[in-house]
Every structure is written in structure tokens, then in C-alpha cells.
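Here is a quick tour of a structure you may want open beside you. Take a look first, then read on.

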Amino acid sequence: MAVYDFLPEHINTWTRSDPAVAYDRETIFDYIDGAGEVYRSFAFREVVVLVYTAQEAPDITVELFDMGNPADAYGVFSYTREREETGIGGGYEQKGRVLCFWQDRYYVCVASKERSDRSDRALPELAGAIAERLPTATDPPELVGMLPDEGRVQFSERFFHLHQSLNYHYYLARENVLDLSSETDAVLARYAPGSTYLLLVRYASADDAAAARASFRRGYLRDTEAAGTVETEAGKFLSHSQRDRYVIVVLDAESERAAVDLLRAAEGRLPPPPQ
Amino acid sequence: MAKTRTALSRRDFMKGVGGALAGMAIGLPASASGRVTQAGMSRVVLIRDKNVVSGYRDYDGSLVQQMLDEAVVALFGRDDATACWAQIIRPDDVVGIKSNGWPYLPTPPEVERAIVRGVRQAGVPEENIAVGDRDVRRNQVFRRSTALINTRPMRTHAWSGVGSLIKNYIMFDNPPDYHADACASLAKLWDLPITRGKTRLNVLVMLTPQFHNIGPHHFDTDYIWPYGGLIVSTDPVAADALGLRIIQQKRRLVFGEDRPLQPTAHHIALADTEYGLGNAGMDKIELVRLGWQEDNLI
């Protein structure tokens with residue numbers, strides 16, 4: 001089914017008023033300037049943009065992003081998410097005059113040209129109607145399901161692939177010390193108490209994971225800190241490990257014990273290595 | 001132009017190992033700045049007016065003109081604005097005014113008109129003046145320009161931390177070439193044949209700055225505020241560093257915590273430490289405050 005088919009001429013009381021415009025990985029900058037790189041950091045294929053109008057309702061711009069796969073649709077949704085509501089797609093967030101949700105491999109944003117009580121009501125209505133037309137998959141990426149639940153800050157999970165994305169969510173280092181790439185899946189989440197981060201990265205192979213951990217030791221830790229838990233700054237502790245294809249890093253824990261406990265909890269959630 | 005690339009990490013920022021300045025300027029919860037530079041001080045004028053903003057994209061053009069006039073007088077120390085413009089622009093200059101056309105928060109036409117008026121006061125004929133953004137590489141005035149004026153609003157940006165004066169020159173080249181590492185190398189744009197040594201004035205528009213994003217590229221008026229300011233300097237790095245501090249302070253007030261920009265706007269600090277384009281450290285900025293002082297956040 002073509003992306004356009006999800007956005008027909010009429011949706012409930014809305015009518016498509018403009019011809020749809022599509023942008024792909026090369027032309028996305030014509031539409032979104034440099035922030036187009038956020039989408040390109042995932043398996044983004046194209047975005048279709050058009051406007052719906054209805055009587056006595058504000059014009060609403062619809063952007064339907066084909067993110068290539070459901071995990072990356074979730075990833076771009078989680079990129080700047082602060083809250084999440086249920087009931088539309090795999091989850092949605094409405095801020096101001098913009099509502100975005102993800103479903104299957106699609107990330108959809110509906111934006112009213114003006115903010116009003118009417119637009120506040122119209123956005124979820126139109127978004128819900130679009131969601132009904134999309135494929136129904138709404139499971140978050142498998143990696144997100146591996147995060148320990150205890151202490152996890154709600155809506156703090158970020159799924160991504162690239163070093164630049166990690167630095168967006170948590171500035172680690174200018175260099176790509178964890179060998180992140182489009183071939184790696186990563187999830188970062190925040191934990192309480194304090195503001196502790198857990199980073200879980202899945203590599204293509206155990207050898208790749210081992211190489212990445214070695215790179216991390218060389219690039220981020222000092223010679224005397226290669227193993228165990230490290231106090232990276234006053235009162236903040238780092239712990240790290242590798243299991244099969246996975247590298248786990250705990251950052252900014254409030255104590256050595258807290259760092260190790262979270263690391264062990266994360267290790268306990270990993271699937272068993274293949275026999 | 002380029003100096004040495006530094007392998008900065010979060011630990012460097014926190015420990016103050018060579019990156020203390022960067023830590024300040026990029027917005028990590030930071031220790032104090034402790035930089036060393038051979039450059040001199042940069043004068044930056046911050047001028048504000050309580051009444052210049054009436055609403056979203058609704059500005060008083062006469063007050064904008066008055067603010068810019070007062071700012072250039074304070075910046076260059078001449079008797080009046082006309083003398084200041086005559087100091088930086090010759091009648092035979094061909095002047096490109098690099099604006100910004102982001103649809104939600106463009107450079108206000110009121111600011112563009114005030115700058116054009118100043119350039120005209122310097123004796124430049126209309127046909128030798130152009131205002132542009134995305135078309136600058138094709139625009140014949142920009143292509144034969146001998147002087148540039150750089151102006152844009154500051155806003156948070158999902159790939160570079162903030163949209164800055166430094167970043168505003170990205171349309172002078174192929175933008176994706178500068179996207180790596182949160183646009184860390186943007187200062188290179190100031191060393192292109194079309195830009196090198198031409199910039200006579202930078203006007204960072206802080207009338208309604210944007211301090212937070214919705215998603216990677218959306219906009220809502222909830223995240224701008226009527227600061228009512230212009231930041232004017234010949235040093236784009238110093239002007240950006242000041243604007244960045246104001247935005248960071250606004251974020252602290254609104255969010256009730258020290259919430260760093262995402263991503264960090266380290267291209268501003270690196271414009272100083274790696275490219276020598278200007279001064280990002282407050283110890284090298286001579287700040288002149290004019291006009292409305294309430295809630296100036298700096």
C-alpha cells in the first residue's frame with residue numbers, strides 16, 4: 001500500500017486541500033532544514049505532507065513519515081518525547097498545536113495552523129482517523145523491553161542507532177567511542193533516584209560488542225579505570241559490562257553500589273546467549 | 001583558520017580539562033570558564049525595549065529602528081548611527097544582508113528594513129543591496145558582495161543545539177557537509193571565498209527567542225517569550241555565546257532545573273577554541289547593556 005493511500009481525499013469531515021508533497025532522504029532538507037538529520041539518523045524513507053480542511057475547524061497539516069520499520073518509528077517518536085498518552089497508535093504526545101504518534105513503521109504528526117480549543121479537539125480526532133488506516137503494529141522495540149523496570153523514569157526511554165543521537169540524549173564524547181552505527185541498536189533510559197542513565201547497545205556480533213567495549217575503555221576511561229566501577233566525577237559513578245552482543249553502560253549513578261546494582265539488573269534482563 | 005581538533009568528552013567538561021570553556025558554552029551543567037586566548041576583548045551590545053513586541057511576529061518597526069541605531073552607536077562609539085554605518089560600509093560596497101527564513105520564526109522584516117536603512121545611509125545604492133537566505137549562492141548581489149551583514153533570531157535547534165549567527169551562513173555552502181557532530185564545524189563557513197573577511201556586523205534577534213523544541217522540527221508559541229532584545233556585535237561568536245546564555249537561563253527558569261540543550265550547542269565554543277573566529281568566553285566579552293533591564297537573564 002502506498003503512503004498516499006493512508007491519506008485519502010476525505011477523512012471524516014476533513015477534505016484534503018493541497019496536492020501532497022513528498023520528500024525523501026535527499027530532499028528532506030528542503031522541508032526541514034538541518035533537523036532533517038534527526039529523521040535520517042533512522043531508516044527514514046520519505047515523508048508525505050498535505051493539508052486537510054474542514055468547515056469551522058482550523059487547517060491541519062499532516063506529515064506521514066515512513067521510517068522504514070516499526071522500531072525506528074518508535075525511535076523518532078521517543079526522540080523528544082516528554083509525555084505519552086495512549087489511545088492513538090503505539091502512543092502519542094500532544095504539545096501545543098502539534099500531535100505526533102507512531103504506529104507500525106509510520107511516524108505521523110498533525111499540526112494545526114492556529115492554537116485554539118477547537119484545534120485541541122481536532123488534532124486527536126484526525127490523528128485517530130489516520131491511525132485506523134495504518135497497519136496495526138504497536139509493540140516498542142525489543143531492546144526497550146529489556147530495560148529493568150525498577151526505578152525507570154516514565155517516558156525517558158530513547159531508541160536510536162547513531163553516536164550523534166547518543167550525544168543528543170546524553171553528551172558522552174565527541175568521538176564515537178562506542179562504535180555506534182546504523183548497524184547497532186541502542187536504548188537509553190533514565191533511572192531514579194538521582195539522574196542515572198542506563199545505556200544498552202546491541203551489536204551485530206559478540207566480537208563487535210567486545211571491540212566496542214574495548215574502544216570505550218580506551219576512549220573514555222583512563223588506564224587505571226579499565227575494569228570495575230569508576231567515579232567519573234565527584235559523586236557520580238560509571239559501570240560497564242559486555243554480554244554476548246550487548247554492551248551495558250551505567251552513567252551518573254549516585255553510588256558505586258547503585259551503579260553495580262543497575263548493571264546487574266540490566267544483565268539479568270538480557271536473552272541467554274546462543275548455545 | 002582551523003586550529004587543532006580536540007577530543008572532548010563529558011568527563012573533560014566536568015573536570016575542566018581543556019574543555020571548561022566548552023562546558024560553559026554548550027550548556028552542560030558546568031564548572032566555571034577558565035580559557036586562555038590570544039585574542040582581544042569583543043564588545044557586544046544587548047539592547048532591549050519592553051514595548052517592541054506586541055505578540056507573535058508582531059513588532060514595532062520604529063522601536064526596532066531606534067534600538068538598532070542606539071546599539072550601533074554604543075558598539076562603535078560614534079556620535080550617531082549614520083556615522084557608525086559609514087564606518088563599516090563604504091558607498092561602493094556591494095552588501096548582502098544574510099537573513100533567515102525559517103517560516104515559524106524568520107528574521108523580522110522590521111529588522112531587515114532597519115539594516116537596509118543603515119546601509120543606504122552609508123551611501124550604498126539600492127541595486128547593490130540584497131536581503132536573502134536560501135538563495136544566497138545564486139543571488140548576484142551576494143555573489144559579488146564586498147560586505148555582509150548577518151542577522152537572524154536565536155532558537156533552539158534539534159541538530160545544532162541552537163540556530164545561531166555562526167550557523168546562519170550555512171546556506172553559503174552545501175548544508176549537509178556541516179551536519180556532523182551536531183554541526184561542530186560551522187565556523188568553517190566563515191572562511192569560504194564568498195564570506196571570508198566580509199562580515200561587518202552581526203545582529204542576533206532576541207525579540208522572541210525560542211528556548212525549547214517540539215519534536216525535531218515543529219514549533220509552538222508556548223516556547224518563545226517576549227524578551228524584546230537585539231544583540232549586536234562585530235564578533236558573531238561573542239554575540240552567540242551571550243544569546244546562548246540567555247536561552248539557557250530561560251530554560252532553568254521554566255523547567256526549574258539545569259536542563260542542557262539537546263544537542264549541546266558546542267559549535268559556538270569550538271568556533272572560538274578550534275577556529276579562532278571570535279570569543280565565546282564571558283571573560284573576553286565586554287557587555288554593554290542598554291534599555292529595559294528587567295528579567296534580562298544575563
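## Around B:Gln65

Is B:Gln65 buried or exposed? Somewhere in between: this is a predicted model, and in it B:Gln65 has 18 other C-beta atoms within 10 Å, so the residue counts as partly exposed. Being buried would take 20 or more.

You'll find B:Gln65 in helix α3 of chain B. Leaving aside residues up to four places away in sequence, B:Gln65 touches B:Ala114 and B:Arg117. B:Glu112 is 47 residues from B:Gln65 along the chain, yet their C-alpha atoms are separated by 9.7 Å.

## Helix α4 and its buried side

Helix α4 of chain B covers residues 81-88, and its buried residues are B:Ala81, B:Cys84 and B:Trp85. Why do they end up on the same side of α4(B)? Because they cover an arc of only 95 degrees around the axis.

As for what that buried set packs against, the partners are α3 (61-76) and α5 (109-121) of chain B.

## Strand β6 and its partners

Now for strand β6 of chain B, residues 147-157. Here 11 of the 11 residues are buried, so the strand is largely enclosed by the rest of the structure. Which strand runs parallel to β6(B) over 7 bridges? That's strand β8 of chain B, residues 199-210, and in this pairing B:Thr151 stands opposite B:Val203. Strand β4 of chain B (residues 95-98) is also parallel to β6(B), joined by 4 bridges, with B:Lys98 opposite B:Asn150.

Strand β7 of chain B (residues 161-163) goes the other way: β6(B) and β7(B) pair in the antiparallel sense over 3 bridges. B:Thr156 faces B:Val162 across that pairing, and a hairpin of 3 residues links β6(B) to β7(B).

## Chain B as a whole

Stepping back, chain B has 9 helices and 10 strands. Of its 298 residues, 56% count as buried. Take the contacts in chain B between residues at least 6 apart in sequence: 72% of them join residues at least 24 apart.

## Where chain B meets chain A

The contact between the chains takes 30 residues from chain B and 29 from chain A. On the chain B side, the elements giving two or more residues are α1 (10-15) and α7 (180-183). α1(B) gives the most, with 4 residues. By residue type, the side of chain B that touches chain A splits into 14 nonpolar, 10 polar and 6 charged.

## The two domains of chain A

Chain A is divided into domain 1 (3-131) and domain 2 (142-269). Taken over C-alpha atoms, the centres of these two domains of chain A are separated by 31 Å. Their contact draws 11 residues from domain 1 and 9 from domain 2. On the domain 1 side, the residues in question are 4 nonpolar, 3 polar and 4 charged.

## How far to trust the model

The model scores ipTM 0.85 and pTM 0.88. For chain B, the mean pLDDT is 90, and 88% of its residues reach 70 or more.

Which stretch of chain B has pLDDT below 50? That would be residues 16-38, which have 59 contacts in the model beyond near neighbours in sequence. A word of caution: where pLDDT is low, the predicted coordinates should not be read in detail.

Key. Residues numbered from 1 in each chain as written. Chains lettered and ligands numbered in written order. Predicted model: local features only at pLDDT ≥ 70, side-chain atom pairs only at ≥ 80, totals over all residues. Buried ≥ 20, exposed ≤ 12 C-beta atoms within 10 Å, placed from the backbone. Arc of directions from axis to C-beta. Contact = placed C-beta atoms within 7 Å. Domains from an automatic or database assignment. Nonpolar A, V, L, I, M, F, W, Y, C, P; charged D, E, K, R; others polar. pLDDT = per-residue confidence, 0-100. Pairing = 2+ DSSP bridges.
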